[in-house]
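Please open the model in a viewer and keep the selection panel at hand. The tour below proceeds stop by stop, stating at each what to select and what is to be found there.

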Number of protein chains: 2
Amino acid sequence: MRELVLDLLLEQNVALSLSEIEDKFDQADRSTLYRTLKTFEENKVIHSVDDGSGMIKYAVCKDTCSCNPSELHAHFHCVKCKKTYCLTDVPVPEVNLPHGFSIDYVNLVVKGVCVNCRK
Amino acid sequence: MRELVLDLLLEQNVALSLSEIEDKFDQADRSTLYRTLKTFEENKVIHSVDDGSGMIKYAVCKDTCSCNPSELHAHFHCVKCKKTYCLTDVPVPEVNLPHGFSIDYVNLVVKGVCVNCRK
DNA sequence: TTGTTTTTGCAACCCGGTTGCATTGTGTAT
DNA sequence: ATACACAATGCAACCGGGTTGCAAAAACAA
Ligand SMILES: [Mn+2]
Ligand SMILES: [Mn+2]
Ligand SMILES: [Zn+2]
Ligand SMILES: [Zn+2]
């Protein structure tokens, strides 16, 4: 199962949700896929994206993606097709916080219309 | 009810979730509060924040907050106390998207430890 | 007072995420 | 080959935030 899920994610150019992955396989159990994704994430094979759609999306980590706070990238969520893209070329910005606040992680999600839906 | 909710939100320096608002009142119905928040949001009295905690937070719009895409601000979510602050001084950055992508909205959430939890 | 509109309360539903537990499968040592 | 230990899977149920339909109550207007 893990091999199948990993292969599926590798051939995507967008991040997939648990439900979407579920739909790609005819007879796969939701909880198995759920735990597979959790395992992948813990082992830094994939990273999760909270695009605000209510469903967490997952994408494979590229070579450059060590998921360090210093090298996080932005994500794009298309409001039409609901697809979520990794903007690996768009690093999250430096943020000047009020005094006393410390940063662990930055989530930058851009919402709009993707190139495929722009016709 | 609306007056009470608005007063509550006005005296906060953080954004509140529906559940948190529910807890502040002893005998208020969840759906009433829910619809109150929706009404406020539609009328641009408050704005919602998706901080990735799973609960949408709400905060009153300040004078400068017209909720235009051009003047959105970042938000800070404390991983310890779970409070979410409006960083009204931190505008969301310009983002250079791949060709063909258009921007509707940008969500920038910084996670870390807030000044109160930093002791 | 009467009729109309808005707000509220209640209950139920939806859906993604999550978990407990028994079953199945895999891998290893004897 | 067998027996055991451990990991992965399937199933069912649960959780919690969000959402909705509908009838009762409250606010408004004629
Ligand atoms: Mn990504
Ligand atoms: Mn805000
Ligand atoms: Zn699209
Ligand atoms: Zn805090």
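A residue is near a molecule or strand if one of its heavy atoms lies within 4 Å of it. With that cut-off in mind, note also that this is a predicted model.

**Stop 1: chain A as a whole**

Select chain A and display it as a cartoon. Three helices and six strands should appear, and following the sequence from its start gives the order α-β-α-α-β-β-β-β-β. The C-alpha trace of chain A extends over about 50 × 40 × 25 Å along its principal axes. Chain A has 119 residues, of which 43% are buried. Among the contacts in chain A with a separation of 6 or more, 51% are between residues 24 or more positions apart.

**Stop 2: DNA strand D**

Next, select DNA strand D together with the residues near it. The strand is surrounded by 16 residues, and the closest are Met1(A), Arg2(A), Ser31(A), Arg35(A) and Tyr34(B). Which parts of the strand come within 4 Å of the protein? Of those atoms, 62% belong to sugar or phosphate, and the rest belong to bases.

Now display the side chains of the two arginines at position 35. In Arg35(A), a polar side-chain atom is 2.6 Å from a base oxygen of DNA strand D. In Arg35(B), a polar side-chain atom is 3.4 Å from a base oxygen of DNA strand D. Helix H3 (30-42) of chain A, together with helix H2 (18-24) and helix H3 (30-42) of chain B, are the elements that give two or more residues to the surface near this strand. The largest share, five residues, is that of H3(B).

Add the backbone of Ile56(B) to the display. One of its polar backbone atoms is 2.9 Å from a phosphate oxygen of DNA strand D. Colouring the surface near DNA strand D by residue class should show five nonpolar, five polar and six charged residues.

**Stop 3: DNA strand C**

Move to DNA strand C and select its surroundings. Here 16 residues surround the strand, with Tyr34(A), Ile56(A), Arg2(B), Ser31(B) and Arg35(B) the closest. Of the atoms of DNA strand C that come within 4 Å of the protein, 61% are accounted for by sugar and phosphate.

Three side chains deserve display at this stop. What does the side chain of Tyr34(A) approach on DNA strand C? An N or O atom of that side chain is 2.8 Å from a phosphate oxygen of the strand. For Arg2(B), an N or O atom in the side chain is 2.7 Å from a phosphate oxygen of DNA strand C. Ser31(B) addresses a base instead: a polar atom of its side chain lies 2.9 Å from a base nitrogen of DNA strand C.

The elements that give two or more residues to the surface near DNA strand C are helix H2 (18-24) and H3 of chain A, together with H3 of chain B. H3(A) provides the largest share of this surface, five residues. By class, the residues of this surface divide into five nonpolar, five polar and six charged.

**Stop 4: Ser102(B)**

Select Ser102(B), which lies in strand E6 (residues 102-113) of chain B. Is this residue buried or exposed? Ser102(B) counts as buried because its relative accessibility is 18%, under the 20% cut-off. Leaving aside residues up to four places away in sequence, Ser102(B) touches Phe76(A), Lys111(A), Gly112(A), Val113(A), Arg118(A) and Leu97(B). With Arg118(A) there is a side-chain to side-chain polar contact of 3.5 Å.

**Stop 5: the cavity**

Display the cavities of the protein. There is one cavity of 30 Å³ or more, and the space in the largest cavity is about 50 Å³. To locate the largest cavity, select its lining: Asp50(A), Asp51(A), Gly52(A), Asn107(A), Lys111(A), Asp50(B), Asp51(B), Gly52(B) and Asn107(B). This lining holds four polar and five charged residues, and no nonpolar ones.

**Stop 6: Lys82 in each chain**

Finally, select Lys82(A), in the loop between strand E4 (73-78) and strand E5 (84-91) of chain A. Its phi is near 70°, a positive value in a residue other than glycine. Lys82(A) is partly exposed, at 47% relative accessibility. Then select Lys82(B), found in the loop between strand E4 (73-78) and strand E5 (84-91) of chain B. Lys82(B) is not a glycine, yet has a positive phi of about 70°. With a relative accessible area of 47%, Lys82(B) is partly exposed.

Technical notes: Residues numbered from 1 in each chain as written. Chains lettered and ligands numbered in written order. Predicted model: local features only at pLDDT ≥ 70, side-chain atom pairs only at ≥ 80, totals over all residues. Heavy atoms only, no water. Polar contact = N/O pair within 3.5 Å; in protein donor to acceptor, adjacent residues only side chain to side chain. Helix = DSSP H or I, 4+ residues; strand = E, 2+ residues; numbered from the N terminus. Nonpolar A, V, L, I, M, F, W, Y, C, P; charged D, E, K, R; others polar. Buried < 20%, exposed > 50% of the residue type's maximum accessible area, 1.4 Å probe, protein only. Contact = heavy atoms within 4.5 Å. 1 Å grid on protein atoms, 1.4 Å probe; cavity = no way out; pocket = protein on both sides within 12 Å on 5 of 7 lines; lining within 4 Å. Points joined across faces, edges and corners; volume = space filled by probe spheres on them.
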